[in-house]
Amino acid sequence: MGLVGPGFVGAHHIDAVRRLGFVDVVAIAASSDASARRKADALGVPRAYGSFEALIADPDVHVVHNTTPNYLHVPVILAALGRGKHVISDKPLAITAADARMLLDAATRAGVVHAVTFNYRGNPLVQQAREMIAAGELGPVHFVHGAYLQDWLLEATDFSWRLEPDKGGESSAVGDIGSHWCDLAQHVTGQRIVEVLADLTTVVETRLKPSAASVDAFARSGDAAREPVQVRSEDLATILLRFDGGAKGTVSIGQVCAGHKNGLWFEANGRRASLRWEQEKQNELWIGRRDAANSVLAKDPSLLAPGARRYAHLPGGHQEGWADAFCNVMRDIYGVIAAGHGPGGAHPPAFATFEDGYHSACIVDAILDSHRRGAVWTRVGEAVTA
Ligand SMILES: NC(=O)c1ccc[n+]([C@@H]2O[C@H](COP(=O)([O-])OP(=O)(O)OC[C@H]3O[C@@H](n4cnc5c(N)ncnc54)[C@H](O)[C@@H]3O)[C@@H](O)[C@H]2O)c1
């Protein structure tokens, strides 16, 4: 594999792929020869390229991982597809639904494997929740709710390319982390979000942007010289949801919520039982009942449903975490690539495709459109792209 964009999440793609044991990490590409060499040395990768075109032209690269800032997803992915390479892109697939659709169509025409890393699907207890709902253990699900809250953009001195519409897209927090929550809620419940009503807010309207060309995500930029910039994209969102299976939902998304580091949680309430999973306590699944005691299922392969068991690699009491779930996603994707199945056919559950990435982009577009029109119900897939 070769990876374009070796920043925060790129290093975790490389780590996860290495743990599979049958994939060679051949090259990385960064924005200059010098930074590519520096990152390649730090990550122990043999070849370093100063442009993504050069990496994609390398005949030893069969799978291209895209972990660039959002605005580069279209050119990087199109270049990889143009050379018939499999593509594993981080989310969001693209910054508009129209672009995401174009990438889905191009990948389908290219006949390659295409994937988007919605990595929370790789958690064993997420798969357990999905199995329980599919088996009817909760009964019909009528309410799906939760939040994805972080605090790393709370201060005016916190900055990321995510806040610049030409790099991150018109949406910031919703596209960045709301996309994860929506994919997860749909994946677990088996119901698709079809209508949204959104109220978006920019809490920190003026930020002090460091003049340093590139600060990796979540890195504090220290004493760098700064210039004030006006921010228009949202850092806080409250959204009502309607699902195609009849469930109603709500989700709160924010990156300005002190004390919340990676606070993703969801709850599903059915006619017979409820369940809740919290990313920061990811080895536990809460199960709520009316006529019996509530319980907490601890991650333990021997207690999981058969479909969820293979996502747990350690016995009960041995905690598994974010990077393990990421590796599970790569195992599902590379299993399909290695088997030579191509893009069609059934995929293992932790493998999200460009189709999932496209649907996710439609939800983000609908959320933006709902807010723009004064918080009105908006159908997903019918949003007007600004
Ligand atoms: N799945 C997840 O949980 C998760 C987590 C974080 C980020 N992401 C996604 O991954 C992508 C990258 O995010 P990040 O947080 O790692 O950002 P980052 O800023 O830390 O890293 C981006 C990297 O891309 C490099 N880059 C910039 N221009 C380039 C070019 N022209 N060619 C090659 N490389 C270039 C930058 O130098 C940097 O190293 C985004 O799309 C983001 O939404 C996903």
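The following legends describe close-up views of a predicted model.

**View 1. Two domains of one chain.** The chain is divided into domain 1, which comprises residues 2-119 and 348-352, and domain 2, which comprises residues 123-316 and 359-369. Each domain is thus written as two stretches of the chain. The C-alpha centres of domain 1 and domain 2 are separated by 24 Å. Where the domains touch, 16 residues of domain 1 are in contact with 19 residues of domain 2. On the side of domain 1 that touches domain 2, there are 12 nonpolar, 3 polar and 1 charged residues.

**View 2. The open sheet of 6 strands.** This sheet has the strand order S3-S2-S1-S4-S5-S6, and its pairing is parallel. Strand S3 (47-49) and strand S6 (114-116) stand at the edges; each has a single partner strand, so one side of each is left without a neighbour in the sheet. From one strand to the next, the twist averages 15°. Within the sheet, strand S4 (residues 63-66) and strand S5 (residues 86-89) pair in the parallel sense over 4 bridges. Asn66 has Ser89 in S5 as its bridge partner.

**View 3. The open sheet of 9 strands and its edges.** The order of the strands is S16-S15-S14-S13-S7-S12-S11-S8-S17, and the pairing is mixed. Strand S16 (295-298) and strand S17 (378-379) are the edge strands, each of which pairs on one side only. At one of these edges, S17 pairs with strand S8 (residues 193-201) in the antiparallel sense over 2 bridges. Here Val196 stands opposite Thr378 in S17.

**View 4. Strand S7 and its two partners.** Strands of a sheet pair through backbone hydrogen bonds, either parallel or antiparallel. In the sheet order, S7 stands between S13 and S12. In which sense does S7 pair with S13, parallel or antiparallel? The pairing of S7 and S13 is antiparallel and extends over 8 bridges. Gly146 has Phe266 in S13 as its bridge partner. With strand S12 (residues 248-254), S7 pairs in the parallel sense over 7 bridges. In this pairing, Leu149 stands opposite Gly254 in S12.

**View 5. A helix across the sheet.** Helix H6 (residues 124-134) lies across four strands: S7 (141-149), S13 (263-270), S14 (273-278) and S15 (284-289). The angle between H6 and S14 is about 165°. In the order of the 9-stranded sheet, these strands appear as S15-S14-S13-S7.

**View 6. The crossing of helices H1 and H10.** The axes of helix H1 (residues 8-20) and helix H10 (residues 322-339) come within 9 Å of each other and cross at roughly 65°. This crossing of H1 and H10 is right-handed. From H1, the residues His12, Asp15, Ala16, Val17, Arg19 and Leu20 take part in the contact, and they meet Ala323, Phe326, Cys327, Met330, Arg331 and Tyr334 of H10. By class, the contact of H1 with H10 contains 8 nonpolar, 1 polar and 3 charged residues.

**View 7. Ser211 in a loop.** Ser211 is placed in the loop between strand S9 (206-210) and strand S10 (226-230). Is Ser211 buried or exposed? Ser211 counts as exposed because it has 9 C-beta neighbours inside 10 Å, and a residue is exposed if 12 or fewer lie within that distance. Along the chain, Ser211 and Val251 are 40 residues apart, and their C-alpha atoms are separated by 34 Å.

Notes. Residues numbered from 1 in each chain as written. Predicted model: local features only at pLDDT ≥ 70, side-chain atom pairs only at ≥ 80, totals over all residues. Pairing = 2+ DSSP bridges. Contact = placed C-beta atoms within 7 Å. Axes fitted to C-alpha atoms, helices over the stretch in contact; angles between N-to-C directions. Buried ≥ 20, exposed ≤ 12 C-beta atoms within 10 Å, placed from the backbone. Left-handed = near helix turned anticlockwise from the far one by under 90°. Nonpolar A, V, L, I, M, F, W, Y, C, P; charged D, E, K, R; others polar. Domains from an automatic or database assignment.
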